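Okay, thanks for squeezing me in. Let me put the model up, and then I'll talk through the confidence, the helices and the packing.

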Amino acid sequence: MKLTRKCYGCKQEFRKSELIEYTGLMAQKGQWYCEKCLQEKLDREAFAMKVCQIFGLKSPGPVIWTQRKRLRDTYGYTDNLIIECLDYIYNVKYFRKLKESLGLITPKMVAEMKQYRSMEKARAGSITAAMAQQADLMEREYIEPHEDERREEPINFDDFLKD
Ligand SMILES: [Zn+2]
């Protein structure tokens, strides 16, 4: 019996114990990957899912993969950063989606997105602080109403109808 098996990704031989069977939704049987290739495969799947969500696709075309590779190799962008930037372009700035492309992702756009996110974060922080202050004030100003000032019991009409 063979003790080695080829990785489905890099096609290199590994000891069987070193490979992990891929059991994703789309998996066909017998897809064994080395650790590195499995991670890459999972990353690609997560990336594809998000790109599809943004552009309303079933699966991303080859252009997306070429552009992803270029952005990762040239600028060292992570998948998360790319997705975050796409979200900024199409869901914050509402650019029209002409066709699926990562072409609008440039260092300038990424810098703009990061600035927007940090401003958003600061704003959320100051709102939270203001709300905490407000809650604190309300707590201190709340005084238990005096016994006489409490609303009287509502009239029970059944009592009138009794006799
Ligand atoms: Zn591999």
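So, confidence to begin with, since what you see is a predicted model. The mean pLDDT over the protein is 87, and 85% of the residues reach at least 70. The low point is helix α5, residues 157-161, with a mean of 67, while α2 has the highest confidence, at 96. Where pLDDT is low, the coordinates shouldn't be read in detail. I'll spend my time elsewhere, then.

Let's go to α2. Its 14 residues should span 20 Å at 1.5 Å a residue, and the end C-alpha atoms are indeed 20 Å apart, so the two agree. Which residues of α2 are buried? Those are I64, R68 and L71. They cover an arc of only 65° around the axis, so they sit on the same side of the helix. On the face of α2 turned away from that buried side you find the exposed residues P62, T66, K69, D73 and T74. As for partners, the buried residues of α2 pack against α1 (35-55) and α3. And just after α2 there's G76, with a positive phi of about 70°.

Now the cores. The largest nonpolar core is made of 12 residues, including V51, I64, L71, I82, L102, I105 and M113. Two elements, α2 (62-75) and α3 (79-92), give two or more residues to this core, and α3 gives the most, with five. Apart from that core lies another one, of seven residues, with L19, Y33, C34 and C37 among them.

Let me zoom in on I82, which is in helix α3. Why does I82 count as buried? Because it has 22 C-beta neighbours inside 10 Å, and the cut-off for buried is 20 or more. If we skip neighbours within four places in sequence, I82 is in contact with R68, L71, Y77, L102 and I105. Take I105: it's 23 residues along the chain from I82, yet their C-alpha atoms are separated by 7.4 Å. Do the same for L102, and its contacts are I64, Q67, R68, L71 and I82.

Last one, α4, residues 107-141. What span should its 35 residues have at 1.5 Å a residue? The expected value is 51 Å, and the end C-alpha atoms are 51 Å apart, so that agrees too. What about cover? There's hardly any: the count of buried residues in α4 is one.

That's my bit, happy to rotate the view if anyone wants another look.

Note on methods:
Residues numbered from 1 in each chain as written. Predicted model: local features only at pLDDT ≥ 70, side-chain atom pairs only at ≥ 80, totals over all residues. Helix = DSSP H or I, 4+ residues; strand = E, 2+ residues; numbered from the N terminus. Expected span 1.5 Å × (residues − 1). Core = buried A, V, L, I, M, F, W, Y, C linked by C-beta atoms within 7 Å. Contact = placed C-beta atoms within 7 Å. pLDDT = per-residue confidence, 0-100. Arc of directions from axis to C-beta.
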